[in-house]
Amino acid sequence: MSAFLSHVDQQLAALKAKKLWRQRAISRPLPNALIERNGQVLLNFAGNDYLGLSQHPSLQKLEPQSVAGATASPLICGHHPLAHALEQELAQWSGFEESRLFVSGYQASLGVIPALVGPGDTILCDRLNHASLIDASRLSGARLRVYPHRDMERLDDLLSRPSTGFKLVISDSLFSMDGTLAPVDQLLDLCERHDALLYLDDAHGLGVLGENGRGAPECFLLSPAKRQRLVYLGTFGKAAGQGGAFVACSHALADWFTQSARSYVYSTGLAPAHCAALRTCLHLIKQAQPQRSLLNEHIQTLQTLGQDLPWGLVPSDTPIQNLLIGEIEPTLRLSELLLEQGIWAPAIRPPTVPRHQARLRLSLSAAHKRQDIEKLAQALHEAGHSLR
Ligand SMILES: Cc1ncc(COP(=O)(O)O)c(C=O)c1O
């Protein structure tokens with residue numbers, strides 16, 4: 001066997017020994033917050049389908065003419081009229097001058113962040129930023145400085161240090177693993193004071209935050225002047241129930257990304273069928289006020305019913321609710337006990353979260369019913385007794 005293959009075997013064996021090996025299950029989302037997983041139908045608390053739109057009947061009725069693929073970069077001939085219309089609708093809805101579509105949020109950040117900064121510039125990242133933001137920052141070649149989670153004093157201090165190039169602050173809006181919110185208004189104040197730009201990843205905020213689901217910029221009532229310093233990432237893999245992403249910004253920056261965001265320039269445009277589905281999703285998100293209210297009720301119900309569990313719920317008023325367990329083995333065991341009750345809530349382990357912070361990440365959706373939340377709370381209480 002080649003040295004490389006035996007090295008891979010050793011690495012896999014080491015991961016298994018540490019209970020850090022990950023495996024996929026064949027999974028198919030079903031209506032009513034259910035999921036079929038390796039043939040078993042379970043109540044799903046693992047997805048990010050916050051508004052329950054992924055199974056909406058209007059998505060089954062898409063026009064057959066929109067099914068063809070894109071087959072080229074948007075710069076060659078892959079910028080379909082449906083993509084163009086979607087970009088314009090997204091820019092208008094999110095309150096920016098323009099937008100650009102990407103096949104995923106990960107790809108958007110890998111293209112846009114290195115287009116904004118490079119060697120000689122400085123990136124300032126929240127410690128809990130999503131992996132895609134960290135990878136994109138490294139790819140850019142800019143100096144990377146990390147500030148403690150939501151610590152604005154420390155960020156101010158780092159931004160005050162003398163530096164030559166441009167400064168880019170990067171943050172999740174709603175942090176994917178802790179469910180906490182970034183102080184977006186304070187981030188923008190600091191950017192203004194230190195002549196920096198903010199790249200805000202609103203993957204989990206879009207559709208959920210703000211009175212009309214327009215995400216963090218609406219939730220923080222950001223004025224058009226404030227948005228001048230903001231490059232906004234929205235993704236469609238969570239509340240929009242699909243997949244894909246867009247970056248919204250000023251005309252000039254959108255034009256710049258068309259020239260220099262390599263994952264945009266050198267990748268096939270979004271398939272027209274996908275664009276058609278996303279236009280429908282955008283329409284549904286605009287009308288999803290009842291789902292947002294129901295989601296908030298579910299959050300409160302879980303917080304109330306989860307009060308005296310043996311493990312603390314990380315404080316969060318968002319659909320991402322975490323039970324912090326700490327070590328890997330009991331977290332895996334808890335997830336297994338829930339599975340026996342027909343509930344899918346996977347253990348989240350390092351390196352996705354820091355060491356000794358293994359947890360159950362419970363993701364709530366408007367597709368859940370109150371009884372589903374009650375069933376979850378009941379199962380957690382029972383598991384708490386049997387693990388004691
Ligand atoms: C905060 C955050 N940003 C970005 C991404 C990546 O988005 P996508 O799944 O569209 O690549 C994710 C998704 O998993 C995420 O949670």
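**Exercise 1. Determine whether Thr318 is buried or exposed, and place it in the chain.**

Step 1. Thr318 has a relative accessible area of 6%, so it is buried. Buried means under 20% relative accessible area, exposed over 50%, partly exposed in between, with a 1.4 Å probe and protein chains only.

Step 2. Thr318 sits in the loop between α12 (289-305) and β11. Helices (H or I, at least four residues) and strands (E, at least two) are DSSP runs, numbered from the N terminus.

Step 3. Neighbours within four places in sequence are left aside. Thr318 then contacts Leu174, Gly179 and Ile299. Contact means heavy atoms within 4.5 Å.

The model is predicted: local features need pLDDT of at least 70, side-chain atom pairs count only at pLDDT 80 or more, and totals for chains, interfaces and linings use all residues. Residues are numbered from 1 along each chain as its sequence is written, and side-chain values use heavy atoms, with hydrogens and water left out.

**Exercise 2. Work out the strand order of the open sheet that contains β11, and find its edges.**

Step 1. The sheet has 3 strands, ordered β11-β14-β13, with antiparallel pairing. Two strands pair if DSSP finds at least two bridges between them.

Step 2. β11 (320-326) and β13 (347-348) are the edges. Each has a single partner strand, so one side of each lacks a neighbour in the sheet.

Step 3. Between β11 and β14 (residues 358-363) there are 6 bridges. Gly326 has Ala358 of β14 as its bridge partner.

**Exercise 3. Describe the surroundings of His368.**

Step 1. Locate the residue. His368 lies in the loop between β14 and α14 (370-387).

Step 2. Check its exposure. His368 is buried, with a relative accessible area of 3%.

Step 3. Look for partners beyond four places in sequence. Contacts of His368 include Ala33, Leu43, Phe45, Leu294 and His298. Asn44 is also one of them.

Step 4. Inspect Asn44. Its backbone oxygen is 2.8 Å from a polar side-chain atom of His368. A polar contact is a pair of N or O atoms within 3.5 Å; within protein, one must be able to donate a hydrogen and the other to accept it, and residues adjacent in sequence count only if both atoms are side-chain atoms.

**Exercise 4. Find polar atoms of Tyr106, His204 and Lys238 that approach ligand oxygen atoms.**

Step 1. Tyr106 uses a polar backbone atom, 2.9 Å from a ligand oxygen.

Step 2. His204 places a polar side-chain atom 2.7 Å from a ligand oxygen.

Step 3. For Lys238, the distance from a polar side-chain atom to a ligand oxygen is 2.8 Å.
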